[in-house]
Amino acid sequence: MNAQNLSSSPKNLAEKTWHLRKSWKGRRAVPLTVLRRYEVWPGHRAISFWEWLWWMGFHTLRLAGLVLSRRLFEASWHTGLKHGCSEPEDTLLIVNDLEGDADIRKACLALKDRLAHLAPSTAPVLVTDHADFSLYSRTGWLVEYLPKTLPNHARYTARKRRYLAWRYRYARLIPLSAGLAGERELKDILEQGK
């Protein structure tokens, strides 16, 4: 399915969005191995000897896989660093489904302009394997990059997609090809995700 077919047929775009949301929803299981490996410790403040001793004991149990920090499951991912987005539900996950450089560039720029009018309070996050960071810096979006050039890219990509699906579990999700669709179709897709 190419971008020209999607832009002329809202049914195809709506169908594609539905399948994309369904596939990402199926990956939302908690990625325990990733969370154990990359758990963030609390801020740097002076702690007493007894706090240090408690943290070392807890850390030992955590590394052994016997306990998990409650913070891992309760913490939300704040994507509104410079967008003014305060709620995780205001995050818009945009998944790249286009192939050509020209189509990706056109869709990103069109989507940026349309989102400024249709959904100004959202914090867009682009999930892509296309490395055009000069374009992404102009859009002002956060970018989750999934490179194809790694030796074990299939395993890495699958693991990172599971992590992103869990991390952005409250976000609305649309394909990047929605930027090539009409404004009415984009508005319908954004409202379906609420």
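**A walk through the chain**

Trp52 is partly exposed, with a relative accessible area of 44%. This residue lies in helix H4, which covers residues 49-63. Trp52 also helps to make a nonpolar surface patch of about 580 Å². Its partners in the patch are Phe49, Trp50, Leu53 and Met56. Trp52 can count towards that patch because its accessible area of 44% is over the 30% that a patch residue needs. Keep in mind that the model is predicted.

Now step back to the whole chain. The chain holds nine helices and four strands. Read from the N terminus, the elements run α-α-α-α-α-β-α-β-α-β-α-β-α.

The strands come next. They form an open sheet in the order S3-S2-S1-S4, and the pairing is parallel. Strand S3 (142-145) and strand S4 (172-175) are the edges, each pairing on one side only. On average, neighbouring strands of the sheet are turned by 25° against each other, direction ignored. Strands of a sheet pair through backbone hydrogen bonds, either parallel or antiparallel.

Look closer at one pair. Strand S1 (residues 91-95) and strand S2 (residues 123-128) run parallel and are joined by five bridges. Leu93 stands opposite Val125 in S2.

Finally, some totals. The chain has 194 residues, and 38% of them are buried. Its accessible surface comes to about 11,700 Å². Carbon and sulfur atoms hold 55% of that surface. Among contacts in the chain with a separation of 6 or more, 72% come from residues 24 or more positions apart.

Terms used
Residues are numbered from 1 along each chain as its sequence is written. This is a predicted model: local features need pLDDT of at least 70, side-chain atom pairs count only at pLDDT 80 or more; totals for chains, interfaces and linings use all residues. Side-chain values use heavy atoms; hydrogens and water are left out. Patches are made of residues with over 30% relative accessible area and no salt bridge: like charges are joined within 9 Å, nonpolar side chains (Val, Leu, Ile, Met, Phe, Trp, Tyr) within 5 Å. Accessible areas come from the Shrake-Rupley method with a 1.4 Å probe; for residues, only the protein chains shown count as cover. A salt bridge is a side-chain nitrogen of Lys or Arg within 4 Å of a carboxyl oxygen of Asp or Glu. Helices (H or I, at least four residues) and strands (E, at least two) are DSSP runs, numbered from the N terminus. Buried means under 20% relative accessible area, exposed over 50%, partly exposed in between (1.4 Å probe, protein chains only). Two strands pair if DSSP finds at least two bridges between them. Axes are lines fitted to C-alpha atoms, for helices over the stretch in contact, and angles run from 0 to 180 degrees between N-to-C directions. Contact means heavy atoms within 4.5 Å.
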